[in-house]
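Subject: Structure for your review

Dear colleague,

Please find below the structure that I am handing over to you. My notes on what was found in it follow directly after.

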Amino acid sequence: MQFTSEQRLDDGVLEREFTLGEIPGTLWTPGSAPAPLVLMAHNNGLPKAEPRLVARARYTAARGYAVATIDAAGCGDRPRSAADEQARADLRRAMQAGEPVDEIFESFIGPLVENAVPEWQTTLDVLLELPEIGGPVGYSGGWTALGIRLAVVEPRIAVAGFFAGGYVPRAQREEARQVTIPLLYLLQWDDEGNPRQRALDLFDAFGSKEKTLHANLGGHTGTPWFELEDGCRFLDRHLK
């Protein structure tokens, strides 16, 4: 891992950009150390500098957590394959025409998840060697499909917060039954891109004995800010 820049923010959080091979990432750490680690993931091609992600990361770091995010393949400035570009073009065309889009989502989100998991695990290996970071590890992000897969294959992740706002492939919907860590699941009741019943069915499928559903009125990007505070209290119960 190579740190390429750093700045101390007004709230005392240290923000550092890093590269790990071809993987670009950002690490936020609080003044206290060692701190529990929270992985924050994003998809749909969004960059790690997406303002909503950065705001959540900075808030969480100020609450005493190390927070890390990376750009998965096809996200941010990382190149997209020709197949990914074609799938996205097909998706835009189908949505404009009002046609079904599930099979198109399956065709490119499934491979994105499979490719992203090893990169996140490699990043986790390196982050946990830093003296300012001490386990346990949590996951918090809008990329629920990736979070499900990581929760199944990565025993170091002890707790997860999911946003029910993205497409979850069939493989991860089946794997949800194997997820047993404590969960906080956020649902926007009027999310135009995520059928409500599908999100509720996924919540029901999780195998966790402790799982909490928070549902709020509003569309995809309308999650209330107070849910971030509640999410940190959820992390506090399990990671501190």
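How do the residues of the lining of the largest pocket divide into nonpolar, polar and charged? The model is a predicted one, and in it that lining consists of 18 nonpolar, 14 polar and 5 charged residues.

The largest pocket

The volume of the largest pocket is about 780 Å³. Its lining comprises 37 residues, and those nearest the centre of the pocket are R52, R56, G142, F163 and T223. Several elements of secondary structure supply at least two lining residues each: the strands β4 (35–41), β7 (157–163) and β8 (183–188), and the helices α1 (51–62) and α7 (226–239). Of these, α7 gives the largest share, with 6 residues.

F163, one of the residues nearest the centre of the pocket, belongs to strand β7. Beyond residues up to four places away in sequence, F163 touches R56, S140, G141, G142, T144, L186 and T223. Its C-alpha atom is 18 Å from that of D236, a residue 73 places away along the chain.

Q188 in strand β8

Strand β8 also contains Q188. This residue counts as buried because its relative accessibility is 5%, where the cut-off for buried is under 20%. Two backbone oxygens lie by polar atoms of the Q188 side chain: that of G219 at 3.2 Å and that of G222 at 3.3 Å. Both glycines also appear among the contacts of Q188 outside its neighbours within four places in sequence, which are N216, L217, G218, G219, H220, G222, T223 and P224. T223, in contact with Q188, is in turn touched by F163 and is one of the residues nearest the centre of the largest pocket.

Cavities

How many cavities of 30 Å³ or more does the structure hold? There are 2, and the largest cavity encloses about 80 Å³ of space. It is lined by 13 residues, with G166, V168, Y185, N194 and L202 nearest its centre. By type, this lining divides into 7 nonpolar, 4 polar and 2 charged residues. Helix α6 (residues 196–205) provides the largest share of the lining, namely 3 residues.

The nonpolar cores

In soluble globular proteins, nonpolar side chains tend to be buried together. In this model, the largest nonpolar core has 55 residues, and L37, L39, Y139, W143, L146 and F206 have the most contacts inside it. Helix α3 (residues 102–127) contributes 11 residues, the largest share of this core. A second, separate core has 18 residues, including V38, M40, A57 and L235.

L37, from the largest core, has contacts in several stretches of the chain. Apart from neighbours within four places in sequence, they are A66, V67, A68, L124, L127, L128, I133, G134, P136, V137, G138 and L239.

L235, from the second core, is located in helix α7. With a relative accessible area of 6%, L235 is buried. Its contacts, neighbours within four places in sequence left aside, are V38, T60, Y65, V159 and K240; V38 belongs to the second core as well. L235 and Q172, 63 residues apart in sequence, are separated by 23 Å from C-alpha to C-alpha.

Helix α4

Why is helix α4 (residues 144–153) described as largely enclosed by the rest of the structure? The reason is that 8 of its 10 residues are buried. These are T144, A145, L146, G147, I148, R149, L150 and A151. They pack against the helices α3, α5 (170–175) and α6 and the strands β4, β6 (133–141) and β7. L146 is also one of the residues with the most contacts inside the largest nonpolar core, and T144 is touched by F163.

L20 in strand β2

Lastly, L20 is part of strand β2 (residues 14–20). L20 is buried, its relative accessible area being 13%. Outside its neighbours within four places in sequence, L20 is in contact with M1, T122, T123 and V126. The C-alpha atom of L20 is 27 Å from that of V168, which is 148 residues away along the chain; V168 is one of the residues nearest the centre of the largest cavity.

With kind regards

Technical notes:
Residues numbered from 1 in each chain as written. Predicted model: local features only at pLDDT ≥ 70, side-chain atom pairs only at ≥ 80, totals over all residues. Heavy atoms only, no water. 1 Å grid on protein atoms, 1.4 Å probe; cavity = no way out; pocket = protein on both sides within 12 Å on 5 of 7 lines; lining within 4 Å. Points joined across faces, edges and corners; volume = space filled by probe spheres on them. Helix = DSSP H or I, 4+ residues; strand = E, 2+ residues; numbered from the N terminus. Nonpolar A, V, L, I, M, F, W, Y, C, P; charged D, E, K, R; others polar. Core = buried A, V, L, I, M, F, W, Y, C linked by side-chain atoms within 4.5 Å. Buried < 20%, exposed > 50% of the residue type's maximum accessible area, 1.4 Å probe, protein only. Contact = heavy atoms within 4.5 Å. Polar contact = N/O pair within 3.5 Å; in protein donor to acceptor, adjacent residues only side chain to side chain.
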